[in-house]
Structures are given as C-alpha cells and as structure tokens.
Amino acid sequence: MMKALLGSLFFAVTSLSAFDYALKPERITSDVTCFFGAPEVMNKTNNGNIVNSCYIDTGEGYVVVDTGPSYAYAQSAYNAMQRIKPLPVKLVINTHIHDDHWLGNGFFTQNGVSVVGSDDFLHNVNVHEATRMQNTISPAAYEGTVSTLPTEIILESTRKKVGNQDIELKLISRTAHTAKDLVVYLPKLGVLFAGDLVFNDRLPSVKGGNINGWITTLEELEAMGALHVIGGHGRNTDKNSSKMTHEYLTQMRSEIRFAIESGLGIDETIKKVQMVEYQKYKLYDAMQSGNVEASYRVLEWE
C-alpha cells in the first residue's frame, strides 16, 4: 500500500494541470473501469471527451487502454482512479493512431510509464503537425499536451503479463478502421478492448479505413466469444456491442455494391444509400455521406 501511495504522490506532484474534465468512472467488471465519452464531434464544449478510456486493475497496478484527447484528460482520469484505488500505472496501450485516443500519453511517459502501440505511429503520425484537438478544443483543455508517441513499438501480436492479468495484444493484419488496429484481450476476464473497430450509440467513421477489412475483422473478433466487448465510442459493453457496427457496415457494403452493379457513379450512390433506419444514431448527418463515399472508393475496384 505504501508503494502505491508513493506512486500516486509522485504523479500528483509532477503532473499538475488547471483543467479538470470531471470524468466519472464506471465499473465494467471487478477489475475493469472505463470513462465513456459523449457521442459527439469534438468541440470546445466537450473538449474532446468523446472517446472511451479504460483502466485494468492488475493487483499491483493499472494498465490503461487509450489515454484520451489531452494531457488534462489523462490526468483527470488518473486522479479519478486514484480516488477509487491508489495504484500506480504500470503500462499504457494505444489502440490506434487517431488523436482522440492517445494525446494523453505524455502525462504517463513523463513519469516513466511505458506506452505500447503499433508501428503505424511511426509511419502515419507527424508529431510536428498541429493535431485535430489542438485546432478544435479549448486552449485550457489542451494546455500541457505534447504529441507523444508510444515508447514501445510492436510489429506483431504479443502477450504481456502485468500483475495478475495475462494481456493479449492482437495486431490486426489488414486495414480495417485504420491501417494497424490493435485490440486488447483479457482471457481471465473475457474482456475485449476493440478500440474504434466497435462503435455504438453513434455512427462509425469509415474515412481512412477499409470496409471489407473492417467487416472481416469484426467477424474474427466476434468469434473470440468475449463476455464484454468495449469499443472506442459508445456505452454498450456487453458481448453483442459490436452488432450495430457490423450490421451497419454489412448493409452499407451490400447497398453500395448493388449501386455499382447498377452503373451508378459515386455522387448518385451517396444520394441513394441513405440507410434511414440508422438516423436514430448520433452523428448520422455528419457521417453517412462520407462513409458511403469512402466505401465506394474501395468497392468500385473489386
């Protein structure tokens, strides 16, 4: 207990930020706690709190899956977890390169915590460019944030043992949501952290991904039989939480393929593939046409 308290004190002394996201932790299992973001686009009101970030209690410390959109977010989540149980953070895992998921890395690396991510960070992230968050959220919320890449790059699926948890890191072998999605599985608990391969409560964003690879990957993840599937966006964490994303992408692919076979161009297809039954989900107006366009550009070459 003393060691844990000292670890907590070290973070508190060396990591001070004036901005507090007032995050509310929610227990998924006895050992997994998550912070759930709003089903919105990033803005100066939510300050990027649109993403899910989770803590795994390994007995001797926490493993963090995705650090959120800013330094202040990471600090706010850490402080909230310390009020539950004062354990040090032993490891951080980044599921993919979209900046709402990893811009809190610096809060942990400045205190010597290792961050694991794929080599996609080396190929497709430029730390010298302004981030989306920097251009979108309030300066107060972004203060102290420095684009900090993972300190441990993995090139293939691997396993780690942290405290009482065996942690499986599975690198997806094809472009799905991104070029190199990383999922985290806890076999002891039957918990799968799927990152942005799984959305619910809101429509997913297909831009930059590959609809075929994404559907195939979801089928592989569903075959794992996890008891809890925690996505990168959305509050549903039961074993069927990937259902909405899977069904949405599958239907969209079918309708776009039919449009292509019927000789429709991309603009006509965007107008035709409305999928109005999904209007009930958040961000439909913001995402639907772009998702159809991105998927058409993949499917037209089949």
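1. Let me start with the term that matters most in this note: a salt bridge here is a side-chain nitrogen of Lys or Arg within 4 Å of a carboxyl oxygen of Asp or Glu. By that criterion the structure holds 11 salt bridges. Please keep in mind as you read that this is a predicted model.

2. On the overall architecture, the protein chain has 10 helices and 12 strands. Its C-alpha trace spans about 70 × 40 × 35 Å along the principal axes. A compact globule of 302 residues would have a radius of gyration near 19 Å, and the protein chain agrees, because its own value is 19 Å.

3. Packing and surface go together nicely here. Of the 302 residues of the protein chain, 55% count as buried. Among contacts with a separation of 6 or more, 69% are between residues 24 or more positions apart. The accessible surface comes to about 13100 Å², and carbon and sulfur atoms account for 51% of that area.

4. As for charge, the protein chain carries 27 positive and 34 negative side chains. The centres of these two sets lie 5 Å apart.

5. The K180 and D119 pair deserves a look in your viewer. Their side chains form a salt bridge, with 2.4 Å from N to O. The pair links distant parts of the chain: K180 sits in the loop between strand 9 (165-171) and strand 10 (182-186), while D119 is in the loop between strand 6 (114-118) and helix 4 (120-124), 61 residues apart. Buried or partly exposed: what does D119 count as? With 11% relative accessibility, D119 falls under the 20% cut-off and therefore counts as buried. K180, at 23%, counts as partly exposed.

6. A second bridge joins the loop between strand 9 and strand 10 to a helix. The side chains of E220 and R174 meet at 2.8 Å, N to O. E220 belongs to helix 7 (residues 211-223) and R174 to that loop, so the salt bridge ties together parts that are 46 residues apart in sequence. Both partners are partly exposed, E220 at 32% relative accessibility and R174 with a relative accessible area of 22%. Elsewhere, D99, D100 and R132 are joined into one network by salt bridges that share partners.

7. The salt bridge between D166 and K161 has an N to O distance of 3.7 Å. Here K161 counts as exposed, because its relative accessibility is 54%, whereas D166 is partly exposed, with a relative accessible area of 41%.

8. I would also point you to S205, which lies in the loop between strand 11 (191-199) and helix 7. Which residues does S205 touch, not counting those up to four places away in sequence? They are H177, F199, W214, M287 and N291. In addition, the C-alpha atoms of S205 and G290 are separated by 8.0 Å, although the two residues are 85 residues apart along the chain.

9. Finally, some backbone geometry to check. A22, in the loop between helix 1 (2-14) and strand 1 (26-29), has a phi near 50°, a positive value in a residue other than glycine. L283 likewise is not a glycine and has a positive phi of about 70°. L283 is found in the loop between helix 9 (266-272) and helix 10 (284-299), and counts as buried because its relative accessibility is 16%.

Key:
Residues are numbered from 1 along each chain as its sequence is written. This is a predicted model: local features need pLDDT of at least 70, side-chain atom pairs count only at pLDDT 80 or more; totals for chains, interfaces and linings use all residues. Side-chain values use heavy atoms; hydrogens and water are left out. Helices (H or I, at least four residues) and strands (E, at least two) are DSSP runs, numbered from the N terminus. The radius of gyration is taken over C-alpha atoms; the globule rule is 2.2 Å times the number of residues to the power 0.38. Buried means under 20% relative accessible area, exposed over 50%, partly exposed in between (1.4 Å probe, protein chains only). Contact means heavy atoms within 4.5 Å. Accessible areas come from the Shrake-Rupley method with a 1.4 Å probe; for residues, only the protein chains shown count as cover. Lys and Arg count as positive and Asp and Glu as negative; His and the chain ends are not counted. The place of a charge is taken as NZ of Lys, CZ of Arg, CG of Asp or CD of Glu.
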